[in-house]
Amino acid sequence: MPRMTASNAPVPPADDARPLLAAKGVGKKVRSGDTELVILQGIELAVMPGEALAIVGASGSGKSTLLALLAGLDTPSAGTVELDGADLFALDEDARAELRGREVGFVFQSFQLLPALTALENVMLPLELAGRRDAERAARDELARVGLAERLGHRPAHLSGGEQQRVALARAFVVHPKLLLADEPTGSLDADSAAGVIELLFELNREHRTTLVMVTHDESLAARCDRVLRLAAGRLAA
Amino acid sequence: MIGLALRMLARDARAGELRLLAAALAVAVASVTSVGFFADRVSQALLRDAHQLLGADLALVSDHPWASAVSEEIARRGLERAQAESFVSMAQAGAGDATPSAGASLRSQLAGVKAVSASYPLRGTLRIAPAPGAPDAPAAHGPAPGTVWLDERLVSALGAPVGGRVRLGAREFTVAAVLTLEPERGIGFFNLAPRLLMNLADVPSTELVQTGSRVTYTLYAAGPRAARRAFERWARARLERGQRLEDLESGRPEVRASIERAQRFLGLTALLAAILAGVAIALGTRRFVERHLDACAVMRCLGATQARLLALYGLEFLALGLAASTVGCFGGYVAQEALAGTLGSLIGTELPAPTPLPALQGFLVGLVLLLGFALPPLVQLKNVPALRVIRREAGRSRGAYAVYAAGAAALTGLLVWQAGDVRLGAYVVGGFALAAAGFAVLAWLALRVLASARVARFFGAGSSAPRYGLANLRRHARGNAVQVASLALGLTAVLLLGFTRNDLVDAWRRAAPPDAPNRFVLGIQPDQVAGVKAFLASHGIGAPEIFPMVRGRLVAENGRPVSEKSFADERARHLVEREFNLSFAAEPPGYNRIVAGRWANARGQPAGLSVEQGIAERLGWKLGDELTFSVGGQTFTAPVTSVRKLRWDSMKVNFFVIGPPALLEGFPTSFITAFRVAPAQDAAMNALTQGFQNLTVVDIGAAVRQAQGVIDQLISAVQFVFLFALGAGVLVLYSALVATEDERRREAAVMRVCGASRAQVAGSQRVEFLAMGLVAGALATVGAAAIGQLLALRVFDLELPLNGWELVAGPVAGVALLSLNAWVSARKVLKTSPALTLRESS
C-alpha cells in the first residue's frame, strides 16, 4: 500500500541504510536585472534505496529546478546534494556526467528522444556512450519489454506520444540505474496513454528495484508513490 | 569510440542531417579541384604551347658550331633534339622564270636563311600553303633536301612561285611551299629579312658558310622536365663565350607577361571558389550545431563527458570530411574532364592529363575548411549544459561569431596558398574580411530601416502579408543580418567573377589590341624623317610616332668598367654583350609607366636616364647609379633617375634606356617607328622601300599573330575557369539559403496553425526574402565593384571602367534568387502539414 506523508523535514533514515539521494539546505536564486529571485530555499530531503518519492506542486513552484539540482544538471546557490554518498557539487561537471551515466536514468515530459535516431538507436545511446558491446541486444530486449518490439526502426516523429515515452522509459531503464528521475512523465500525454505509461513505469521500477523521484502536478499519480512532498513557493511544505 | 563516431555519422547521414554540410564540402572540394585540375592542365598546355615561340623547351644558341658532345648529350639524356643554322644571304630568282641563271631579269633579295634538321621544330608547328594567300596546313617536318620554303614576302620579292627555282650561293633549289608560320618568328636581327627555310643537309652545297661567316648555330632540346633540367644544368656549366641558353623564362618577355597574367587570373578564380566554400561550410555547420544542441544535452544527461562529446563529434566530422572530400575530388575530376571534353574547342588546344597534385590540394582544402569552420562551432556544442533537457532556453547557441576566427585564419592561409601570390591573396582576403564585417553591420541597419514602423504602416493599409513579412524581418534582425551578409558575400564572389570576367578580360584585350603594330621601320635617317612621315600620311597609314635611336654599349657602372664577365646571369651577360638601342625623348612614351624615381628628361633639367624595370632588375641598376655608355667611340655618363614599366604585349616600340635629348642628340642617330598596315596596303610598303632604299621594313605581322594567338588562348582558358567557379558560387549560394529553411518552416507552420491562409504564408515569406535579397544584392554590388577596382589597379595593372548595368545586376540577382527561394520554400512549407512540421521540430 502506498503511504503518503508530507513533511518539510527529512525522513529519518532507517538504521540499516543510508539514503541514496540526500539534499541538505539546497537553495537556488537567480538574478533578474536588479532583483534577486528565490526559486528554492532550504530544501532538505532524503530518498532511501528502493523508495518512490513524488514531488508535487503548482506550475512555477520550483519542481523542475529541484529535479535538475538533484540530478546535478544545475548548480545550487546553497546547500549540497549527495548521490550514493558522493557530494554532487564537489565533483566537476564531467565527473557528475559520468556519475549520471552510471547511476541515473531520466524520463522527461518532452521525451527528449533524438529525432534523427530510430527507437532502437535512442535506447542504445546510453549503452554506447558507456562503451557496452551488447548495446543492441540489451536495447532490443528493453524495447520488447515496453511493448515496442515491432517499432524498433521507427523514428520518434513516426511514433505516438505514448510510444515515444515508452522508448524514453526503455532508454532510462536499459542501463539499470539506481535512481530514476522523472519530470512530469505524463505531462504531454492523453489520459489513456498516460495510464499505460505510468503502469509501465511502476512495473519497471519494481523489476529493476530502482529508486524513483518523480516531479508531477498530477495528485493521482503522486498517490502511487511511497511518499509525497509538496513544493510551494520554493519551499517543501506540508 | 571510433565505432560509435562512425555509427553517429551513419545515423546523422541517414537522417539527412549531414546532407547540406557534405554537399557544401563536396561542392567546395569539387570546385577547388576542378579548377585545380583544369588550371593544372591549362597551365601545362600553356607552358607547352608557349614553347611554340621557342620551337623547343630549350634552345642553345651559339655564334660558332656546337661541339658534337653537346648534341650527343641531348640524345644521351633521352631528350629530343633538333638543329638549325641561321644566316643572312642573298637569294636570287629569275622573274617569272624557272631558270634564274638565264640572265637579264634576275631578282635578288636579302633573305634570312634558316637551315633546319628533319626533326625541327620540337615544339609548335610549321605551317605551309601551296600558294600565297591559299589556306595553309601544318607540315610534319621542314623542307626536303633540294627544296626550300619561302615566306610570302620573299615569294613576291623574288617573283618565285611554288615550283619555281631559287639560287642560294652555289646551289639552286626548288620552291616547294609558301611558309606561313614558323616558331621563333620574333623580332631579331635575322627576322628583318624575309624567311627562307631550307634543309640543314643542303648547307654545305651552297658554299655560303665559310670561315668568318656570321652564322647562328642553334641546338634545340625538348622532353621530360627532369631530364631537361638536368641537361640544362649540364650545358650551362659548359657554355663558352658567344654561347647562350634560352628557355621560356629568358626567351620572350611578351609571352612571359601573358603567362604570368593568366596564372594570376586562374589563381584568383581558385581563390574565390575557396571563399565560397568557406561560407558554405560555416553555414552548414551552424545548422548542424543548432540541430544537435538537444542531442548533446541528452547525451550529457546520459553521462557523456565534454571531452567525450568533442571527440565523438570531432571524429564524426573527420570521417565526414574524408568521405565528402573524396567525393568532391572525384566530382571535380569528372567535372573538369567532361567540361574540358565539351569545351575543348574553346580552349583551342589539346590538354595534357592533370597531375595528381590538385586532388591532394583538394583533399587538404576540404579538411582544412571543415576543421577551420566546423571545429569551432563543435566546441560550442560540447559546452551545451545538460540542464537544457529540462530548460530549453539553457545553452541556446549564441552568435559566437568569434569562433570563426580560426576558420578565417585557416581560410586565409589556404587562399594565399591557392593564389600562389601573397599580394593577390592578401587583397582578396582583406577585401572579403572587410566586406563580411561591413556587410553584417550594414545589413542589420538596412533591415531595421526596412522593418521600421513607418514602412510597416505604409504597407499596413494593404494585405497583411507584407506586414507579417516585415514583422519577421524585425524579429529576426540579427539572424537575418548574418544571413544577408552571407548571401551578400556569396553574391559578391559571383558578381566579382562576372565583373572581372567581362571587364578585366576586356581591359586585358585592350592591352594587346587587334590593331597592334605589324610593321617596324628601322634605319630612318634624320633627313628622311619628314619624308617618311609625309609618305605614311599620304598612304593612309596615319602619323605613327617616330623615335630616335642611338646604338651604344654599356661600358661602366658607377665608374667601374663593365663587361659581360661582370654578370653571372646569362641573360644579363647577353644584354651587356651587345649594343643597346638607346633613345631620347623629352616626355616618357604614353604607354610606359614610371614606377620609381621621376622623369627628368625635360629640357633644362640635369641629365638623367630612364630605364626599363626588367633590365634594371636584371643588371642591378638602382636609382642614382651612374651609367656610362660608349657610342661610336665617344662616351657619356648619366645617372638613373627613373624606372619605367613597359607593356611588352602591346607590341609597340620600346626602349630599355631613354636619355634626355640634350645628352644624346649629338650622337649618330637613326629613327625607328611602328604602325599597323592592312593587307591591302602591302603595295604601299613596297613603295616605301623603293622610295627610301636604305630603310628596313620589318613585317612583324606573323610574330604579332603568334603572340596574339597565345594571348587569345589564355583568355579562353581564364574565361572557362571563371565559368566553372561561377557555377560553384551559385551552388554555394543555394546552400546558404537552405541553411535557414528549418526555422522558416517551423514559423510558417505556426502561422498556419494560427489561421494564416496559404497566400499569407507565401506572401509574408516573399516580402521578407525580397527585402533581404534587395539588401544583399545592393551590398554585394558595392563590395564587388570595390574589390574589382582594387584588383584591377593594384594587381592586374589595368584600367577598369565602371559599368552601369553592373550596379543593377546585384540587386536584381539578389531579389531574383531570394524570390525563387521564397517560392520553393513556400511550396515546401505548404506541402507538408503544419502538424508534421511542428512534431518534427518539437
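This passage describes the confidence, the sheet and the chain contact of a predicted model.

A look at confidence is a helpful place to start. Chain A has a mean pLDDT of 85, with 93% of its residues at 70 or more. Residues 1-15 of chain A are another matter, as the pLDDT there is below 50. In the model, this stretch nevertheless has 28 contacts beyond near neighbours in sequence. Where pLDDT is low, predicted coordinates should not be read in detail, so a little caution is welcome with such contacts.

Turning to the fold of chain A, an open sheet is built from four strands, arranged in the order S2-S1-S4-S5 with antiparallel pairing. Strand S2 (35-47) and strand S5 (86-87) of chain A are the edge strands, each pairing on one side only. Within the sheet, strand S1 (residues 21-32) and strand S4 (residues 78-83) of chain A run antiparallel and are joined by five bridges. For A:Leu21, the bridge partner in S4(A) is A:Leu83. Helix H1 (residues 63-70) of chain A lies across S1, S2 and S4 of that chain, and its direction makes about 125° with S1(A).

Helix H1 of chain A also leads to the contact between the chains, to which chain A gives 26 residues and chain B 23 residues. On the side of chain A that touches chain B, the elements giving two or more residues are H1, helix H2 (93-103) and helix H3 (119-129) of chain A. H2(A) provides the largest share of this side, six residues. By residue class, the side of chain A that touches chain B comprises 15 nonpolar, three polar and eight charged residues.

Key: Residues are numbered from 1 along each chain as its sequence is written. Chains are lettered from A and ligands numbered from 1 in the order in which they are written. This is a predicted model: local features need pLDDT of at least 70, side-chain atom pairs count only at pLDDT 80 or more; totals for chains, interfaces and linings use all residues. Two strands pair if DSSP finds at least two bridges between them. Two residues are in contact if their C-beta atoms, placed from the backbone, lie within 7 Å. Axes are lines fitted to C-alpha atoms, for helices over the stretch in contact, and angles run from 0 to 180 degrees between N-to-C directions. Ala, Val, Leu, Ile, Met, Phe, Trp, Tyr, Cys and Pro count as nonpolar, Asp, Glu, Lys and Arg as charged, and the others, Gly among them, as polar. pLDDT is the predictor's confidence in each residue, from 0 to 100.
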